[in-house]
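Grab a pencil and work through these exercises with the structure open beside you. Try each task before you read its solution.

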Amino acid sequence: MVLGHALALASEVGLEGLTFGMLAGRARMSKSGLFAHFESKEALQIAALDEAVDRFVERVVAPALRQKRGEPRLRALLDNWLLWANA
């Protein structure tokens, strides 16, 4: 849940703009609680990136890999990517 808020916030203000203060307000948590979990702004940014990669693989890559090789798989990958980009 917290990382979902972090991703949404990063999409609005950029990864460098992702701060404990902004995230605390969005996630309705204390800054100290977030800091205790992530320990640094860099760790928060890395966790947000890791979450984005996990979601991308889950929603774009994995479903495409279930398609037949070749054009069907490539089309599924592109379609899923476009859906991801427009979500």
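Before you start, one term: a pocket is an open set of grid points with protein on both sides within 12 Å along at least five of seven lines, and its lining residues have an atom within 4 Å of a point. Keep in mind that this is a predicted model.

**Exercise 1. Find which residues line the largest pocket, and sort them by class.**

Step 1: Locate the lining, which is made up of Leu7, Ala8, Ser11, Ala52, Arg55, Arg59, Asn80, Leu83, Trp84 and Ala87.

Step 2: See where they come from. The elements that contribute two or more residues to this lining are α1, α4 and α5.

Step 3: Sort by class, and you get six nonpolar, two polar and two charged residues.

Step 4: Add the volume, which is about 250 Å³ for this pocket.

**Exercise 2. Work out how many aromatic pairs there are, and how their rings are arranged.**

Step 1: Search the whole structure; two aromatic pairs turn up.

Step 2: Take Phe20 and Phe35. Their ring centres are 5.6 Å apart and their planes sit at 75 degrees; planes over 60 count as edge-to-face, so this pair is edge-to-face.

Step 3: Place that pair in the chain. Phe20 belongs to helix α2 and Phe35 to helix α3, so the pair ties together parts 15 residues apart in sequence.

Step 4: Now try Phe56 and Trp84. With centres 5.4 Å apart and planes at 85 degrees, they are edge-to-face too. This pair links distant parts of the chain, with Phe56 in helix α4 and Trp84 in helix α5 (residues 71-86), 28 residues apart.

**Exercise 3. Decide whether Phe20 and Phe35 are buried or partly exposed.**

Step 1: Recall the cut-offs: buried means under 20% relative accessible area, and partly exposed lies between that and 50%.

Step 2: Phe20 has 14%, so Phe20 is buried.

Step 3: Phe35 has 45%, so Phe35 is partly exposed.

**Exercise 4. Explore the largest nonpolar core and find the residues that touch the most other members.**

Step 1: The core has 14 residues, and the best-connected ones are Ala6, Leu18, Leu23, Leu34, Phe38 and Leu44.

Step 2: Check the elements: α1 (2-13), α2 (20-27), α3 (31-38) and α4 each give two or more residues to this core.

Step 3: Zoom in on Ala6. Setting aside residues up to four places away in sequence, Ala6 touches Leu18, Leu23, Leu44 and Ala48.

Conventions. Residues numbered from 1 in each chain as written. Predicted model: local features only at pLDDT ≥ 70, side-chain atom pairs only at ≥ 80, totals over all residues. Heavy atoms only, no water. Core = buried A, V, L, I, M, F, W, Y, C linked by side-chain atoms within 4.5 Å. Buried < 20%, exposed > 50% of the residue type's maximum accessible area, 1.4 Å probe, protein only. Helix = DSSP H or I, 4+ residues; strand = E, 2+ residues; numbered from the N terminus. Contact = heavy atoms within 4.5 Å. Phe/Tyr/Trp six-rings, centres within 6.5 Å; stacked < 30°, edge-to-face > 60°. 1 Å grid on protein atoms, 1.4 Å probe; cavity = no way out; pocket = protein on both sides within 12 Å on 5 of 7 lines; lining within 4 Å. Points joined across faces, edges and corners; volume = space filled by probe spheres on them. Nonpolar A, V, L, I, M, F, W, Y, C, P; charged D, E, K, R; others polar.
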